[in-house]
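This report looks at how the helices of one protein chain pack together and where its charged side chains pair. It begins with a single helix and then turns to the cores and the salt bridges.

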Amino acid sequence: LNTRTEPNLDRALAVFAAVLKDDPDNAYAHYGSGVIRFYRNELEAAGGHFAAVNRIDPDDPHAWYYRGRCVPNDAESAEARGYFERALKLNPYLNAARYALAQHTQTTPDEQARLLAEHKALMDANWEAEVEIKYG
């Protein structure tokens with residue numbers, strides 16, 4: 001997934017599809033398929049995979065964030081806003097979700113200022129803690 005070249009992405013999708021045929025509730029295969037579809041701007045298909053991860057593993061903040069990004073007009077959608085809020089509640093350090101909320105049209109100016117200040121503080125922070133990659 002890191003190379004994002006079409007032959008590799010096509011192979012990865014084929015592997016994920018084979019896994020899902022045998023194990024329809026494999027969160028790793030759904031998440032990987034969702035990421036590839038998202039990279040390709042296939043948002044409806046990607047959103048379906050992230051929704052499956054949400055059903056299988058409702059505590060995965062990244063799947064909630066990406067599901068929000070797959071909603072049409074995500075910066076204006078109450079549905080997407082709910083997904084971003086859930087992602088941030090599950091992982092307060094998921095800065096992409098914080099930024100998405102800050103840019104959302106339903107965010108008040110005061111809330112936006114707070115979110116952007118928190119976003120900047122996290123961007124400027126010196127991180128030394130190990131990060132768990134859930135599906136790595």
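## Helix packing and charge pairs

On the face of α1 that is turned away from its buried side sit the exposed residues P7, K21 and D22. The model discussed here is a predicted one. The buried residues of α1 are L9, A12, L13, F16 and L20; seen down the helix axis, they fall within an arc of 100 degrees, so they line one face of the helix. Those buried residues pack against α2 and α3. The length of α1 agrees with expectation, because its 17 residues at 1.5 Å a residue should span 24 Å and its end C-alpha atoms are 25 Å apart.

The largest nonpolar core holds 23 residues, among which Y31, F50 and Y65 touch the most other members. At least two residues of this core come from each of α2 (27-39), α3 (43-56), α4 (61-70), α5 (78-90) and α6 (95-103). A second core, separate from that one, consists of seven residues and includes L9, A12, F16 and I36; of these, L9, A12 and F16 are also among the buried residues of α1.

Turning to the charged side chains, it helps to recall that side chains of opposite charge can pair when their charged atoms come close. The structure holds nine salt bridges, including the three tabulated here.

| Acidic residue | Basic residue | Closest N to O distance |
|---|---|---|
| D25 | R55 | 3.1 Å |
| E42 | R37 | 2.7 Å |
| E111 | R81 | 3.0 Å |

The D25 and R55 pair links distant parts of the chain, since D25 lies in the loop between α1 (6-22) and α2, whereas R55 belongs to helix α3, 30 residues apart. D25 is partly exposed, with a relative accessible area of 43%, while R55, at 53% relative accessibility, counts as exposed because the cut-off for that class is over 50%. In the pair formed by E42 and R37, E42 is partly exposed at 28% relative accessibility, and R37 is likewise partly exposed, with a relative accessible area of 24%.

What is the setting of the salt bridge between E111 and R81? Both E111 and R81 are buried. The side chains of E111 and R81 meet at 3.0 Å, N to O, and because E111 lies in helix α7 (residues 109-124) and R81 in helix α5, the pair ties together parts that are 30 residues apart in sequence. The pairing extends to a further residue, in that R81, E85 and E111 are linked in a network of salt bridges.

How values were computed:
Residues numbered from 1 in each chain as written. Predicted model: local features only at pLDDT ≥ 70, side-chain atom pairs only at ≥ 80, totals over all residues. Heavy atoms only, no water. Core = buried A, V, L, I, M, F, W, Y, C linked by side-chain atoms within 4.5 Å. Buried < 20%, exposed > 50% of the residue type's maximum accessible area, 1.4 Å probe, protein only. Helix = DSSP H or I, 4+ residues; strand = E, 2+ residues; numbered from the N terminus. Salt bridge = Lys/Arg side-chain N within 4 Å of Asp/Glu carboxyl O. Expected span 1.5 Å × (residues − 1). Arc of directions from axis to C-beta. Contact = heavy atoms within 4.5 Å.
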